[in-house]
Amino acid sequence: MFTHDPTVQQQELSYLPVNSVLDTNRLTNRYADLYDFAPVGYFCIDRQGLIRDVNLTGAGLLVIPRASLVGSNLSDYIEPHLQADFSSFLEDVFSSEEKKICELSLLNAMKQPFHAHIEANVDSATQTCRMVVCDISARKQAERILIESEERFHLMADSAPVLIWTTGPDQQYLWFNKMWLDFTGRTLEQELNQGWIEGIHDEDVAHYLASQSAAFAERSPFSVEYRLRSSIGHYHYMLAHGVPRTSPSGRFLGYIGSCTDISERKNAEEQLRHSRQMLRHLVSYQERVREDERKRIAREIHDDLGQNLLALRIDVSMLHTRTGRAHPKLNERVSIALSHIDATMKAVRAAINNLRPTVLDLGLTAAIEWQVQDFQRRSGIACELTMEDEVTLEDDRATALFRILQESLNNVIRHAQASYVKIALYRQEYKLCMKIADNGIGIYPDCRRKANSFGLVGIEERINALGGELTIDSQPDKGTVLTISLPLQEQC
């Protein structure tokens, strides 16, 4: 402990050379300044609690001159209801060589209280102790404000209609609101730390923890869906959303999050998904029925109407030959009837091709070649076709792919305003791909939302029914590219 007795100092300095005395005086003054103007109060206290020495900072804490403090009892400056605690603390200090710590409320000269952090340990002679006193009123005020803020937050969170939780920076859960506890039927103690995970469905635990760990590592918000068991044992779908918490100084404190029950939404999504699945099955079934009906009608037209027309043409042709010069007027009428029969047979052949092109019986490759030629003939649009070797598909899938090409080319005629179309059919790994590209005006954003615009919708539904995929790449005035890919069920 630094001593302030000038007589002792003078006796010690009388034995030193002049220069050494000057240096020692400067050093002594420097240490005296460090002692007096330290950022904390230094006290020397004896066993009775009397102040034997104090620095200027310590005297400033009590707003009492240092000379007036020396010889007084420090307990006189402790709040009355804490003086017994200070006496016990002092006994502990003198009964042990270890440093002792406590926090007490002191009174300054104006009887204004302030919080102090006190550390003390006995000196080597065990008659006095060295005591450090630090004013922690600002810290206590901040802690009080924080506690009040936490209490207000808990009050608001407990009245919120969603499940709310908070965590520490170590991913341990620190608090759950009343809504959470009411939903799970568990106590706060059961849910703290990692206890709440017992309520997550076993299949969702790994996914949730992985999402949470990734978010903690990046200090970023996260959202995750999982199933949480209710108080009656039923699992509800929850959407959890967590955001990081930071202190005013920017220190990471953990996460605060909420959980919203989305079971009704998930049920609605499941019902909608089931409805879409059933609708696709229905569309697929209707397409099969339609193709079967087309095939049946085309066959009946060919077998009945076509044969009858052919027989009629033969008879009329014979009549036309026999009435040549003998009956010129009748021959002329028969010639007109013969031309009508030819036009009808041509219309019948066109109807049969529209219902079910007979070229499909020759295979998909032949059918696509015929369709491209027919498209060029009807539209006058140049068309380039690239195909690999013969592709063999079962009849249903081959017919569906042919119809997709047919509908796509009809869309080009009706909407694209194109002058060139390129078609490619190729294999890609275990998929059969067909690409249809035109140089037309493209598909504008609102086109697919127009009423009665079912061309692309029909194509998409056909592809979905076959388990395939459709991608559309289109920009206004830069053309459109449709890419259809179908899984191959067998090596072609």
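Trainee: Why is cysteine 134 called partly exposed?

Mentor: Cysteine 134 has a relative accessible area of 28%, and the term depends on where such a value falls, since buried means under 20%, exposed means over 50% and partly exposed covers what lies in between, with a 1.4 Å probe and protein chains only. The 28% of cysteine 134 lies between those limits, so the residue is partly exposed. Bear in mind that this is a predicted model, in which local features need pLDDT of at least 70 and side-chain atom pairs count only at pLDDT 80 or more, while totals for chains, interfaces and linings use all residues. Residues are numbered from 1 along each chain as its sequence is written, and side-chain values use heavy atoms, leaving out hydrogens and water.

Trainee: How do you know that the sulfur of cysteine 134 is too far from that of cysteine 102 for a bond?

Mentor: A disulfide is a covalent bond between the sulfur atoms of two cysteines, and here the term is given to a pair of cysteine sulfur atoms within 2.5 Å. The closest cysteine sulfur to that of cysteine 134 belongs to cysteine 102 and is 13 Å away, so the pair is too far apart for a bond. By this rule the count is zero disulfides. Cysteine 129, too, is in no disulfide, the nearest cysteine sulfur being that of cysteine 44 at 7.1 Å.

Trainee: What makes cysteine 129 buried?

Mentor: Its relative accessible area is 0%, which is under the limit for buried, and therefore the term applies.

Trainee: Why is threonine 57 called buried?

Mentor: The relative accessible area of threonine 57 is 19%, and because this is under the limit, the residue counts as buried. Threonine 57 belongs to helix α3, residues 56-62, where helices (H or I, at least four residues) and strands (E, at least two) are DSSP runs numbered from the N terminus. A polar atom of its side chain lies 2.5 Å from the backbone oxygen of alanine 38. Apart from neighbours within four places in sequence, threonine 57 is in contact, meaning heavy atoms within 4.5 Å, with Asp36, Phe37, Ala38, Pro39, Val40 and Gly41.

Trainee: What makes α10 roughly antiparallel to α11?

Mentor: Helix α10 (residues 263-322) and helix α11 (residues 328-355) pack at an angle of about 165 degrees, with axes 9 Å apart. Angles under 35 degrees count as roughly parallel, over 145 as roughly antiparallel, 65 to 115 as roughly perpendicular and the rest as oblique, so the value for α10 and α11 makes them roughly antiparallel.

Trainee: How do you know that α10 is roughly perpendicular to α13?

Mentor: The angle between α10 and helix α13 (residues 395-416) is about 90 degrees, with axes 11 Å apart. That angle falls in the range for roughly perpendicular, so α10 is described that way relative to α13. The residues making the contact include Glu291 of α10 and Thr399 and Arg403 of α13.

Trainee: Why does glutamate 291 count as buried?

Mentor: Glutamate 291 has 11% relative accessibility, which is under the limit, and therefore counts as buried.

Trainee: What makes aspartate 477 exposed?

Mentor: Aspartate 477 has a relative accessible area of 58%, which is over the limit for exposed, so that term applies. Aspartate 477 lies in the loop between β14 (469-474) and β15 (480-487), and its phi is near 65 degrees, a positive value in a residue other than glycine.

Conventions:
A polar contact is a pair of N or O atoms within 3.5 Å; within protein, one must be able to donate a hydrogen and the other to accept it, and residues adjacent in sequence count only if both atoms are side-chain atoms. Axes are lines fitted to C-alpha atoms, for helices over the stretch in contact, and angles run from 0 to 180 degrees between N-to-C directions.
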